[in-house]
Amino acid sequence: MWVAYDDRVKAAVFSALGEPNRLHIVDLLRTNSFAVGEIAETVGIRQPQVSKHLKVLAESGIVSVEPRARQRIYHLQAEPFDQIARWVDSFERLWESRLDSLAGYLQTNETEEGQS
Amino acid sequence: VISELLGKKELHFERLYAAPVDAVWRAWTEADRLRAWWGPDKTTVADCEIDLHLGGRLYVVTVASEAMGKYRGTRWPMEGTFTRIDELQRLTYDARSWTEGSEATETIHHTNDLTLTDNGETTSLTLHVAITEIGPGLKAKLAVFGMRWGYKSQLAALKKHLSGPA
C-alpha cells in the first residue's frame, strides 16, 4: 500500500503547516531565502510573531537557519515535502497495481465462466 | 499567492480490458468479485461491503500479508459513499483511505470517477481520482507542494497497457 514514514516528522510537518501565517511564510521562502525582518515585512506580521513561527517551522525540519553577519537567514528544506510527496505518490502506484490486478482477475474469471 | 497552493492532486488512469462491460462492472460493484482483485499483491481483503445505491456505502479493508515483512498485519481501510451510479457506464464515489492506527496523520480524502465504455469484446476503463485533502485537514496543499518539488505522474504505464492485449 502506501509508504509509511516517521510519524513524528509527519505530525510535526502537518501541524506546522496547519497555521495560515506559517503557510504564508513557507510560501515566501519557496521564492528565496530571507532574514526575519524581511519575512515580517513581506508577510505583514510583527517580527516577534514571525520568530515564533520560524521556530516551529525549524523544529519540524521545514526551514533551516544560517547565521550571516548579524542576521539569521532562513531557507526552506525540501526533505519534509519530498517525504509527503512520496507518500502521496505511493497512493498513485497503488492504483496502478490495482488496475493491473483487475486485468488478471477478469482474464481468469472469463476463462472460468466460459468453461462452466 | 497562497491560493496557488490550493488545488487538487488529480490522478488519471486508462485501461483496456479484454472482457465485456458487464464483467468489468460486476468486478467493481459486487463484493465477492471486488475482493478477488482489489489487492494489490501481498495483501488480502479482510472486509468488503458494497451497498450499491446512491448514498450507499463502499467499505473495503485491505490487510498486509506475511510477505510484506514489517508491514504484515497493517490494515488499510477505505470508506466511501456512492454519488453517481449509471449501470454499466459510470460509478462515482467520495471516499477516504487511511492506515489503521494512524488515521489522524495518514488519511487521504479522494473522489473517484469510473467510466466504462463497451467495445463489445473489450471494455475501456477510465478512472479519475482527485485527492481533495490529506493529513489532518490540509486540503491538498501538500499534494500540490509535492508536485512542485518534483512530483511526477506515472502515465508511462498507460501507453504500455493500452497498446497491449489488456
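In this predicted model, A:Ala69 is an exposed residue, with a relative accessible area of 83%. It sits in the loop between strand S2 (63–68) and S3 of chain A, and although A:Ala69 is not a glycine, its phi is positive, at about 55°. Chain B offers a residue that can be described in the same terms, namely B:Leu88, which is not a glycine either and has a positive phi of about 70°. B:Leu88 is placed in the loop between strand S4 (75–86) and strand S5 (90–98) of chain B, and with a relative accessible area of 31% it counts as partly exposed.

Another loop residue of chain B is B:Gly55, found between strand S2 (43–50) and strand S3 (57–64). B:Gly55 is exposed, since its relative accessible area is 52% and a residue counts as exposed when this value is over 50%. Which residues does B:Gly55 touch, once its neighbours within four places in sequence are left aside? The contacts of B:Gly55 are then with B:Thr81 and B:Phe82. B:Gly55 and B:Tyr93 are 38 residues apart along the chain, and their C-alpha atoms are separated by 8.8 Å.

**The two chains as wholes**

The table sets out some values for each chain.

| Chain | Residues | Buried share | Share of contacts (separation of 6 or more) made by residues 24 or more positions apart | Accessible surface | Carbon and sulfur share of surface |
|---|---|---|---|---|---|
| Chain A | 116 residues | 45% | 53% | about 5,800 Å² | 48% |
| Chain B | 166 residues | 45% | 45% | about 7,800 Å² | 50% |

The secondary structure of chain A consists of five helices and three strands, and from the N terminus on these elements follow the order α-α-β-α-α-β-β-α. Chain B has four helices and seven strands, which are arranged along the sequence as β-α-α-β-β-β-β-β-β-α-α.

**Helix H3 of chain A**

Helix H3 of chain A, which spans residues 36–43, has four residues listed as buried, and these are A:Val36, A:Ile39, A:Ala40 and A:Val43. Why do they lie on the same side of H3(A)? The reason is that they cover an arc of only 100° around the axis. On the other side of H3(A), by contrast, A:Glu41 and A:Thr42 are exposed. The buried residues of H3(A) pack against several elements of chain A, which are helix H2 (20–29), strand S1 (34–35), helix H4 (47–59) and strand S3 (71–76). After H3(A) comes A:Gly44, a residue whose phi is positive, near 85°.

**How helix H2 packs in chain A**

Two packed helices are described by the angle between their axes and by the distance between the axes. For H2(A) and H3(A), the angle is about 115° and the axes are 11 Å apart, and H2(A) is therefore roughly perpendicular to H3(A). The crossing in which H2(A) passes H3(A) is right-handed. On the side of H2(A), this contact is made by A:His24, A:Ile25, A:Leu28 and A:Leu29, while H3(A) contributes A:Ile39, A:Thr42 and A:Val43. A:Ile39 and A:Val43 have already appeared among the buried residues of H3(A), whereas A:Thr42 was named as exposed.

H2(A) also packs with H4(A), and here the axes come within 10 Å and cross at roughly 75°. Because angles of 65 to 115 degrees count as roughly perpendicular, these two helices are roughly perpendicular to each other as well. The residues of H2(A) that meet H4(A) are A:Asn21, A:Arg22, A:Ile25, A:Val26 and A:Leu29, and their partners in H4(A) are A:Val50, A:His53, A:Leu54, A:Val56 and A:Leu57.

One residue of this second contact can be followed further, and that is A:Arg22, in helix H2 of chain A. Is A:Arg22 buried or exposed? Its relative accessibility is 12%, so A:Arg22 counts as buried, the limit for this being under 20%. When neighbours within four places in sequence are left aside, A:Arg22 is in contact with A:Ser15 and A:Ala16, and also with A:His53, A:Val56 and A:Leu57. The C-alpha atom of A:Arg22 is separated by 49 Å from that of A:Leu106, a residue 84 places away along the chain.

Methods: Residues numbered from 1 in each chain as written. Chains lettered and ligands numbered in written order. Predicted model: local features only at pLDDT ≥ 70, side-chain atom pairs only at ≥ 80, totals over all residues. Heavy atoms only, no water. Buried < 20%, exposed > 50% of the residue type's maximum accessible area, 1.4 Å probe, protein only. Contact = heavy atoms within 4.5 Å. Areas by Shrake-Rupley, 256 points an atom, 1.4 Å probe, with all protein chains shown as cover. Arc of directions from axis to C-beta. Axes fitted to C-alpha atoms, helices over the stretch in contact; angles between N-to-C directions. Parallel < 35°, antiparallel > 145°, perpendicular 65-115°, else oblique. Left-handed = near helix turned anticlockwise from the far one by under 90°.
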